[in-house]
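Open your viewer and get your selection commands ready. We will make a few stops, and at each one you can pick out some residues and look around.

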Amino acid sequence: MSAPDLPPPPTFDQPKQRPLALHLHASRVTPEDLRGGVVIVIDAIRASVTICKAMHEGAAKIVPVLTADEARSKAAALHANPSPPSAPGGGSILLGGERAGVLIEGFDLDNSPLSYTRERVAGRTIVFTTSNGTAGLLHARHAARVLVGCICNLTSVCNAVKDDPRPVHILCCGTRGDVSLDDVLAGGAMARQLLAAGREPVTDDSHTLAIAAYDHAMERGMDGLRAAMRGSRGGRNLVRIGLGDDVDYCSAHDTLPVVPEFFPLRGEITLLR
């Protein structure tokens with residue numbers, strides 16, 4: 001809490017060049033605040049990685065929705081009005097996602113990136129809902145561009161935005177209403193690369209905290225990063241239910257060199273070309 005009689009915060013006349021903001025949780029920024037900017041949405045364990053893996057393995061598109069019931073309804077509508085097989089996104093429809101970390105009853109796929117093999121998803125449309133990641137994507141619905149980011153596509157997503165003159169927002173989804181270290185670590189890795197490329201920070205010390213967390217984890221190299229990811233709230237939840245391999249997969253740098261882009265008006269994610 002701040003004192004109620006504080007004057008307005010100071011303003012700075014010097015405009016930022018290629019501004020960069022990092023938000024430790026989606027609740028710390030409104031959809032309107034993101035309007036016109038470029039948003040990188042991070043759900044580091046695991047939705048961002050699973051989306052990247054599906055795209056890397058040839059999925060035609062992913063349709064993110066908020067709830068399991070909405071996913072079932074959307075899939076039924078797509079089945080009733082299928083795209084021609086030769087059209088982009090043609091082919092069969094799959095339901096993917098999780099609740100409490102595990103497969104939703106009646107769904108085809110969970111939220112493990114290891115489940116999204118080429119044999120399973122190539123050419124398919126995936127209607128997708130997760131506990132936090134799909135909500136984060138929809139939170140960014142007013143942005144000019146919405147990209148999916150994680151450690152696994154770190155360099156690719158940073159290269160896609162580093163020279164964009166518009167504000168870039170790194171949006172950490174968090175776990176329910178809380179900040180989650182796994183997203184912050186990925187955000188710190190991105191902030192480090194983007195600041196090195198000449199972007200200028202415009203927010204509070206969130207980017208500094210995220211970079212410090214990432215640098216501290218990396219003092220022991222990949223073992224340190226994996227340990228930090230496993231020790232995060234999201235990581236602990238998965239290790240507890242026997243999905244520690246997913247956490248390790250989500251901790252690897254640049255293994256999925258793709259940039260998924262979400263188009264809110266169409267309600268779908270496709271690969272950035």
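Is Ser-206 buried or exposed? Keep in mind as you look that this is a predicted model. Select Ser-206 and show the surface: its relative accessible area is 3%, and because buried means under 20%, Ser-206 counts as buried.

Stay on this residue for a moment. Ser-206 belongs to helix H7, which covers residues 206-218. Now add Leu-22, Leu-24 and Arg-28 to your selection; Ser-206 is in contact with these three once its neighbours within four places in sequence are set aside. For a sense of scale, draw a distance from Ser-206 to Leu-272: their C-alpha atoms are 28 Å apart, with the two positions 66 residues apart along the chain.

Next, colour the helices H6 and H8. Helix H8 spans residues 221-231, and its axis comes within 8 Å of that of H6, crossing at roughly 145°. Show side chains for Leu-181, Asp-182 and Leu-185 on H6, and for Leu-225, Ala-228 and Met-229 on H8, as these make the contact. By class, five of the contact residues are nonpolar, one is charged and none is polar.

Last stop: the largest pocket, with a volume of about 460 Å³. To centre your view, select Gly-101, Ser-131, Asn-132, Thr-175 and Asn-237, the closest to the pocket centre among 24 lining residues. Then highlight strand S4 (93-99), helix H6 (181-196) and helix H9 (233-240), each of which supplies at least two lining residues. H9 gives the most, with five. Colouring the lining by class will show 10 polar, nine charged and five nonpolar residues.

How values were computed:
Residues numbered from 1 in each chain as written. Predicted model: local features only at pLDDT ≥ 70, side-chain atom pairs only at ≥ 80, totals over all residues. Heavy atoms only, no water. 1 Å grid on protein atoms, 1.4 Å probe; cavity = no way out; pocket = protein on both sides within 12 Å on 5 of 7 lines; lining within 4 Å. Points joined across faces, edges and corners; volume = space filled by probe spheres on them. Helix = DSSP H or I, 4+ residues; strand = E, 2+ residues; numbered from the N terminus. Nonpolar A, V, L, I, M, F, W, Y, C, P; charged D, E, K, R; others polar. Buried < 20%, exposed > 50% of the residue type's maximum accessible area, 1.4 Å probe, protein only. Contact = heavy atoms within 4.5 Å. Axes fitted to C-alpha atoms, helices over the stretch in contact; angles between N-to-C directions.
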